[in-house]
Amino acid sequence: MSELMSARDLGGRPVVTLGGEAVARVKDTVFDGPAGRVTGFTLNGRGLLAGPLRQSLPWSAVHSLGRDAVMILGRGVLAEPAAVIARDEAAHGRVLGARVLTDGGTEVGTVLDLVVEAGISGRVVGFRIAARQSLESGSKRRRRKVYVPRGETLAVSGQALVIPADATRFVADDLAGFAAQVEAFRLRDTADRTEPTP
């Protein structure tokens, strides 16, 4: 599995061409909930006091998402903002702050952040959530911040995000431990789909 990154940590990351030219900085990450992937980035200028650019970076133009920079082929790949916020869901589906429900109807928390695979996929593999007590069996603390994987199908509205109930068995307290949980969740999901039905 690729390295996992927090979408919030991508804010401020430089956008650099393969030739080494710094062209912008990431302002915001745009997420398409139904597709379960990043559609691109809105951008700021390079300077400390530089404001938003009138151009955006569509995910299709990202050469690679790395730990220190977002790599692109050249400045010519930047596009109008509509290229990033093309789908209605991406433009209006608020994920941060949304309630997280299981497909069984249990509320398990509130979305704090998205977790994205590094590299070229743009795939959102999970969420960092402020967990409710229903997710913390045996815990006396009312809320804590945990990572939970998303399922292959994902329902997102402006109010809530729905995940499979069994995803709550693959929770991690930190991003480093979450990679193993995502892989275990994927393997379980693959095994479930290949089992013959009685």
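**Note on the sheet and the nonpolar cores**

1. Val15 stands opposite Ala24 in β3, a convenient place to enter this predicted model. The two strands concerned, β2 (residues 14-17) and β3 (residues 22-32), pair in the antiparallel sense, and three bridges hold the pairing. Between β2 and β3 lie four residues, so that the two strands form a hairpin, and within its turn Gly20 has a positive phi of about 95°.

2. The hairpin belongs to an open sheet of six strands, whose order is β5-β4-β3-β2-β7-β6 and whose pairing is mixed. At the edges are β5 (52-58) and β6 (62-65), each of which pairs on one side only. From one strand to the next, the twist averages 35°. As a reminder, strands of a sheet pair through backbone hydrogen bonds, in either the parallel or the antiparallel sense.

3. Both senses can be followed at β7. Strand β2 is joined to β7 by three bridges, and these two strands run parallel; β6 is likewise joined to β7 (residues 70-72) by three bridges, but here the strands run antiparallel. Ile72 of β7 appears in both pairings, since it is the bridge partner of Thr17 and also the residue opposite which Val62 stands.

4. Thr17 deserves a separate remark. This residue is found in strand β2, and it counts as buried because its relative accessibility is 5%, where the cut-off for buried is under 20%. Not counting residues up to four places away in sequence, Thr17 touches Val23, Met71, Ile72, Leu73, Gly74 and Arg75, a list that includes its bridge partner in β7, Ile72.

5. Which residues touch the most other members of the largest nonpolar core? Among the 38 residues of that core, they are Val15, Phe41, Leu57, Val70, Phe127 and Ile129. Val15 has already been met opposite Ala24 of β3. Apart from this core lies another, of seven residues, including Val115, Val125, Phe178 and Val182.

6. For Phe41, the surroundings can be given in detail. Once its neighbours within four places in sequence are left aside, Phe41 is in contact with Leu10, Val26, Asp28, Thr29, Ser56, Leu57, Trp59, Val62, Val70 and Val84. Two of these contacts, Leu57 and Val70, are themselves listed with Phe41 among the residues that touch the most other core members, while Val62 is the residue that stands opposite Ile72 in β7.

Notes. Residues are numbered from 1 along each chain as its sequence is written. This is a predicted model: local features need pLDDT of at least 70, side-chain atom pairs count only at pLDDT 80 or more; totals for chains, interfaces and linings use all residues. Side-chain values use heavy atoms; hydrogens and water are left out. A nonpolar core is a set of buried Ala, Val, Leu, Ile, Met, Phe, Trp, Tyr and Cys residues joined through side-chain atoms within 4.5 Å. Buried means under 20% relative accessible area, exposed over 50%, partly exposed in between (1.4 Å probe, protein chains only). Contact means heavy atoms within 4.5 Å. Axes are lines fitted to C-alpha atoms, for helices over the stretch in contact, and angles run from 0 to 180 degrees between N-to-C directions.
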